[in-house]
Amino acid sequence: MRPASFPLGLAWCGVALALGAGVANCGLADGTIDLLPAEAGVGAAGGTGPASSVSSSGSGLGGSGGGGAGGAGGCSFNLECQTPTPMCDRDTGACVPCPDGLVECDGACVDTVNHPDHCSACGAGCAHTQFCHGSACLCLPGTVLCDGACRDFSSDPAHCGACMHPCAPGEKCEASSCSLGSTCAAGLTACPQLDGTVACVNLATGYPRCGSCDVVCAPIEICAGGACQAYVPASPCTTCPCDDECVAALGPHSSCCDGLYGTYVSVCVAGDQCP
């Protein structure tokens, strides 16, 4: 079940990032909680640039674009291809139909089994505190379904330590406990909430904000190095490195990540940092 509406920053567990010649070590980062102030918006689907106050750039996923259909002149990226041949075969420079296992959604070849923006069907997107696996939207590691949303009990002042257990105004939620004060432990940042409480969050990993208390990544983004970056499943490639698939989907400045949220799904991530 998809929660109703709640912001999130996505991050990935046990991910091995490969960019060209090397593989980087990656750490665990969990999903976010419903703490976005009312005056701040939620990032629109997709984005490849660094985080801003609201992430709203395009998904970066290859879709219908001009030129290159049928391989005329030779294509290099999916964006150069059009329906009914929306994927670029970089070996031949020809635009081709979606391979087995992928579904065409709005001119892009999509893995509806694992794609957070097209989970089980085109346009069936998961929410900010969810990831798509096995055609289902699931709560991110470290979050629990509570009051219609996936909540982080460790830092959510509205659900601190347990579902529907709020902290009082003037209190902070840190390590699943409410306590007086507005200063958080090392590695955590105090993010004030509209009700006078404070959430102690890890901004480096996007838990629940990405680089700033005012930034929340879009559902099709993850927080990598304090910036919201677009990602898509690397299908039909199943084990990194999936360089050709990632370049075709997100362009030359993209990397392959294995083991998304422990689901062993290879994904393409914009940028060269592991989330």
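Student: What happens to phi at G251, just after α1?

Tutor: G251 takes a positive phi of about 95 degrees. Keep in mind that this is a predicted model.

Student: What makes up the secondary structure of the protein chain?

Tutor: One helix and 18 strands. Helix α1 spans residues 243-250.

Student: Which residues of α1 are buried?

Tutor: C246, V247, A248, A249 and L250. Elements that cover them include β16, β17 and β18.

Student: What does C246 touch, leaving out residues up to four places away in sequence?

Tutor: G251, S254, S255, C256, V267 and C268. Each of these counts as a contact because heavy atoms lie within 4.5 Å.

Student: What makes a set of residues a nonpolar core?

Tutor: The residues must be buried, of nonpolar types such as Ala, Val, Leu and Cys, and joined through side-chain atoms within 4.5 Å. The largest such core here has 12 residues, among them A230, C246, L250 and C268. At least two of its residues come from each of β16, α1 and β18. The largest share, three residues, belongs to α1. A second, separate core has six residues, including I222, Y231, V265 and V267.

Student: Why is D152 called buried?

Tutor: Its relative accessible area is 1%. The cut-off for buried is under 20%. D152 falls under that cut-off, so it is buried. It sits in the loop between β10 and β11. Its side chain makes a polar contact of 2.5 Å with that of S155.

Student: How do you know that the D152 and S155 pair is a polar contact?

Tutor: The limit for the N or O atoms is 3.5 Å. The distance here is 2.5 Å, so the pair is within it.

Student: Why is D106 called exposed?

Tutor: D106 has a relative accessible area of 72%. Exposed means over 50%, so D106 qualifies. This residue lies in the loop between β5 and β6. Its phi is near 55 degrees, a positive value in a residue other than glycine.

Student: Is A175 buried or exposed, and what value shows it?

Tutor: Its relative accessible area is 61%. That is over 50%, so A175 is exposed. A175 is in the loop between β11 and β12. Its phi is near 55 degrees, again a positive value in a residue other than glycine.

Student: How many of the residues in the protein chain are buried, as a percentage?

Tutor: 51% of the 275 residues.

Student: What makes β13 and β14 a pair of strands?

Tutor: Pairing needs at least two bridges. Four bridges join β13 to β14, so they pair. They run antiparallel. One bridge links P192 with V198. Five residues lie between the strands of this hairpin, where G196 takes a positive phi near 90 degrees.

Student: Where are cis peptide bonds found?

Tutor: One joins T83 and P84, with omega about 10 degrees. P84 lies in the loop between β2 and β3. Another joins C240 and P241, with omega about 5 degrees. P241 is in the loop between β16 and α1.

Student: What lines the largest pocket?

Tutor: The lining has 24 residues, and the closest to the centre are M87, P236, D244, E245 and A248. Four residues, the largest share of the lining, come from α1. At least two come from each of β3, β6, β16 and α1. The pocket holds about 320 Å³ of space.

Methods. Residues numbered from 1 in each chain as written. Predicted model: local features only at pLDDT ≥ 70, side-chain atom pairs only at ≥ 80, totals over all residues. Heavy atoms only, no water. Buried < 20%, exposed > 50% of the residue type's maximum accessible area, 1.4 Å probe, protein only. Polar contact = N/O pair within 3.5 Å; in protein donor to acceptor, adjacent residues only side chain to side chain. 1 Å grid on protein atoms, 1.4 Å probe; cavity = no way out; pocket = protein on both sides within 12 Å on 5 of 7 lines; lining within 4 Å. Points joined across faces, edges and corners; volume = space filled by probe spheres on them.
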